[in-house]
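Trainee: I should like to go through the terms applied to this structure and the values behind them. May we take them in turn?

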Amino acid sequence: MANIRLLKDTIPGFLLVLTTIFLLNSCNSSGKKKEASKNTEIQNVSKPVTKAELPPYLSEGKKVYRQVCLTCHQANGGGVPGLNPPLIKTDNVLGDKNTLLEIIIKGSEADLARDKSEYANVMQGYGMLGDEDIANVASYIRNSFGNKAEPITASEVAAFRSAIKK
Ligand code: HEC
């Protein structure tokens, strides 16, 4: 008799302890979930911010470069020895804007001030591209492959074109 009463007294207490442990546990894990969702919210907010900070000529110029220039000058701007020159830290790429525009618009016909036999390939002129595309690709190569130089605008391309009528 005394044993049964003892059981009756302890079972509710035991259940209470179990429920408390269960409740504490679930509180804890939902707290963790909240923390996790907070973290992903922060990540999602910070991603577009860094994208927006990149100047548009980098992404737009890259598209033109990939379609038109990459086969010869390569993805890393390193060129191909004996065939196509590298575009990394050269005077023609980083220097005078009109010199670079002349090369892109006239290709190998431009005055490159180098021995023509140095590179076996011939670069055609890309005057058929629009002002925007030329400005973007020129600015892209001036600021990729470790290069750093002031970007070129579409109106600078238009001004150069009307000066040389091409
Ligand atoms: C068919 C291969 C080919 C393609 C495509 C090509 N190039 Fe060239 N590029 C050359 C060659 C070859 C030269 C060297 C020409 C010479 O010395 O006469 C050159 C030279 C250059 C130079 C001068 C490099 C220096 O520092 O002296 C620049 C800048 C340049 N190219 C940019 C471009 C851009 C931008 C594009 C795309 C719009 C492009 N090229 C597409 C082959 C190519």
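Mentor: The discussion below concerns salt bridges, burial and the ligand site.

Mentor: This is a predicted model, in which local features need pLDDT of at least 70 and side-chain atom pairs count only at pLDDT 80 or more, while totals for chains, interfaces and linings use all residues. Residues are numbered from 1 along each chain as its sequence is written, and side-chain values use heavy atoms, with hydrogens and water left out.

Trainee: Why is the contact between Lys97 and Glu156 called a salt bridge?

Mentor: The term requires a side-chain nitrogen of Lys or Arg within 4 Å of a carboxyl oxygen of Asp or Glu. The N to O distance between Lys97 and Glu156 is 2.9 Å, so the pair meets the definition. The pair links distant parts of the chain, with Lys97 in helix 4 (residues 97-106) and Glu156 in helix 6 (residues 154-164), 59 residues apart. Helices here are DSSP runs (H or I, at least four residues), numbered from the N terminus.

Trainee: What makes Lys97 buried and Glu156 partly exposed?

Mentor: Buried means under 20% relative accessible area, exposed over 50%, and partly exposed in between (1.4 Å probe, protein chains only). Lys97 has 17% and is therefore buried, whereas Glu156 has 30% and is therefore partly exposed.

Trainee: How do you know that Asp131 and Arg161 form a salt bridge?

Mentor: Their closest N and O atoms are 2.8 Å apart, which satisfies the distance limit already given. Asp131 lies in helix 5 (residues 131-142) and Arg161 in helix 6, 30 residues apart. At 25%, Asp131 is partly exposed; at 13%, Arg161 is buried.

Trainee: How many salt bridges are found in the whole structure?

Mentor: The search finds five. Another of them joins Lys106 and Glu102 at 3.4 Å, N to O; both residues lie in helix 4, four residues apart, about one turn of the helix.

Trainee: What makes the approach of His73 to the ligand a polar contact?

Mentor: With a ligand, a polar contact is a pair of N or O atoms within 3.5 Å. A polar side-chain atom of His73 lies 2.8 Å from a ligand nitrogen, so the pair qualifies. Polar side-chain atoms of Thr90, at 2.5 Å, and Ser108, at 3.3 Å, likewise approach ligand oxygen atoms.

Trainee: Which helix supplies the largest share of the shell around the ligand?

Mentor: Helix 2 does, with four residues.

Methods
Helices (H or I, at least four residues) and strands (E, at least two) are DSSP runs, numbered from the N terminus. A polar contact is a pair of N or O atoms within 3.5 Å; within protein, one must be able to donate a hydrogen and the other to accept it, and residues adjacent in sequence count only if both atoms are side-chain atoms.
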